[in-house]
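Here are a few notes to go with your first look at this one. Have the sequence and the 3D view open side by side, and work through the points in turn.

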Amino acid sequence: MVNVTYDSSGDLEWSNSSGSGVYNLGDIAWTLASTALVFIMIPGVGFFYSGLLRRKNALSMIYVSMMTAAMVSFQWFFWGYSLAFSETAGPYIGNLDHFALMNVLAQPSVGSARVPAIVFCVFQLMFAAITPMIAIGAVAERSRLGPLLVFVFVWSTIVYDPIACWTWNPHGWSYVLGGLDFAGGTPVHISSGSAALAISLYLGKRRGYGTERLAYKPHNTTYVILGTVFLWFGWFGFNGGSALSANYRATEACIVTNLAASVGGLTWMLWDWRLERKWSAVGFCSGAIAGLVAITPGSGFVGAPASVLFGFMAGTVCNFATQLKFFFKYDDTLDIFASHAIGGIVGNLLTGLFAQSSIAGADGITSIPGGWLDHHYKQLGIQLADSVSGLSYSFVVTTIILWVMHFIPFLRLRCDEETEIIGVDDAEMGEFAYDYVGIEAELLPRQEYNNSASGGSREIQQTVSTSQESDHEKISNAVPVPTLNA
């Protein structure tokens, strides 16, 4: 039983059998508002991914974003929060003291004594929900949707929760070692990017890989921009809200977040311009997200001048990292490893260089030795150890999860060839993002398919004679889309 009153200044006073305390309502309000901001990022990822794909797979990515939010919400209630943030956690993972959110209400949170545990719980839920969504973008265009429900629950439990515990729980090994990760460079971005690489390797290449058929342009650049807007907007809560208080440090986090995104977008766009002499909206959006990823771990530790370098380095390194999939011949459909894993590592290492105790102390509470700017040179080694640990742990454990599911027939992720041809939307959902889904090129005889592929668009342009027109319209416009046996 919690007794709640208000003091003369309007602050919330609480007491129960375990203790008492005072919370500032402004801090609670900012953290709850940030929770809503981070939530909008989840469908933002879905729209961003959807726009980059072919239209026959567009709806599935948006659906997956909401499915992931729902599944992780249950997992977080069930045991996720307890495994990550129990007060008596070990250096690697927590326990079940807060199973089903038992005794999670008024007591101070492990994240900050300025907000109650229940507020911290719902705020951290949004981080837990967006992380597997980033990772499972790697299943695009070649996965069954049903097994993803199981994968998300299991992955959140044995990959995300331990990394979140060792990074943010005061008992976690990285936290104790002195690792600096303000808002999720390792738990969110490195872990999801590494998992995406593992998923890409497990699923293998899409049909037509290596031909110009897969050299398509995004089917809906408007979705890409809309997703970027949701993400950029939500990232103010993602980073600014991680201060868990409405103070100067939260403001500084918002400033460097916006600046890194801006510089990252401009940098990536200019690198693309040098090759194609086109001002690419997709390139700008990709760079903005890379900048946001990189600034995430350092947003509460670095100043505005440093954030310019964060954005530039992310826009540059992540842009060139997209070529890794061609060099190593894996099919990372949406370049998640390049943007999130590499971007997260860039951010972690730059934090080790440019973290300042004066920035961290802007909240009046936090005290850190800083990074190289403050002559604390071993911080870079700590950041590197944390990055490598998160990358390797996520990759190995994700691979194990995938192969265990592979030997359970009804849990295999890889779809069959027919599903890949007609699209996941029709085969797995029976619903469509649009009235028109062009698959006529996919239904060509295999030899003709290989010989006639052309790049540059999502749907191959074909010349249709008058005598063929009715059949062409029947294939292009009919809903549902015809199957291989049609």
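What is the order of the 3 strands in the open sheet? Before the answer, one reminder: you are looking at a predicted model.

1. The order is E1-E2-E3, and the pairing in this open sheet is antiparallel. E1 and E3 are the edge strands, each pairing on one side only. From one strand to the next, the twist averages 20 degrees.

2. Start with E1, which covers residues 3-6, and E2, which covers residues 12-16. They run antiparallel and are joined by 4 bridges. If you want one pair to find on screen, take Thr-5, whose bridge partner in E2 is Glu-13. The two strands make a hairpin with 5 residues between them. Have a look at Gly-10 in that turn: its phi is positive, at about 95 degrees.

3. Now move on to E3, residues 19-23, which pairs with E2 over 5 bridges, again in the antiparallel sense. Here the pair to look for is Trp-14 with Gly-21 of E3 standing opposite. E2 and E3 also form a hairpin, this one with 2 residues between them. While you are looking at the strands, keep in mind that side chains in a regular strand alternate between the two faces of the sheet.

4. On to the helices. H1 (residues 25-52) packs against H7 (residues 221-240), with the axes 7 Å apart and an angle of about 155 degrees. Angles over 145 degrees count as roughly antiparallel, so that is the label for H1 against H7. Their crossing is left-handed. What is in the contact, by class? There are 18 nonpolar and 9 polar residues, and no charged ones.

5. A second helix pair worth finding is H9 (residues 281-295) with H12 (residues 336-354). Their axes are also 7 Å apart, but the angle is about 45 degrees, which makes H9 oblique to H12. The crossing is right-handed. From H9, the contact is made by Ile-289, Val-293 and Ala-294. From H12 come Ser-339, His-340, Gly-343, Gly-344 and Gly-347. Split by class, the residues of this contact are 3 nonpolar, 5 polar and no charged.

6. Last, pick out a single residue: Ala-198, in helix H6 (residues 185-203). Is Ala-198 buried or exposed? Its relative accessibility is 4%, so Ala-198 counts as buried; the cut-off for buried is under 20%.

7. Stay with Ala-198 and see what it touches. Leaving aside residues up to four places away in sequence, the list is Phe-395, Thr-398, Thr-399 and Leu-402. How many residues separate Ala-198 from Phe-395 in sequence? They are 197 residues apart along the chain, yet 5.7 Å apart in space, C-alpha to C-alpha.

Definitions and conventions:
Residues numbered from 1 in each chain as written. Predicted model: local features only at pLDDT ≥ 70, side-chain atom pairs only at ≥ 80, totals over all residues. Heavy atoms only, no water. Pairing = 2+ DSSP bridges. Axes fitted to C-alpha atoms, helices over the stretch in contact; angles between N-to-C directions. Parallel < 35°, antiparallel > 145°, perpendicular 65-115°, else oblique. Left-handed = near helix turned anticlockwise from the far one by under 90°. Contact = heavy atoms within 4.5 Å. Nonpolar A, V, L, I, M, F, W, Y, C, P; charged D, E, K, R; others polar. Buried < 20%, exposed > 50% of the residue type's maximum accessible area, 1.4 Å probe, protein only.
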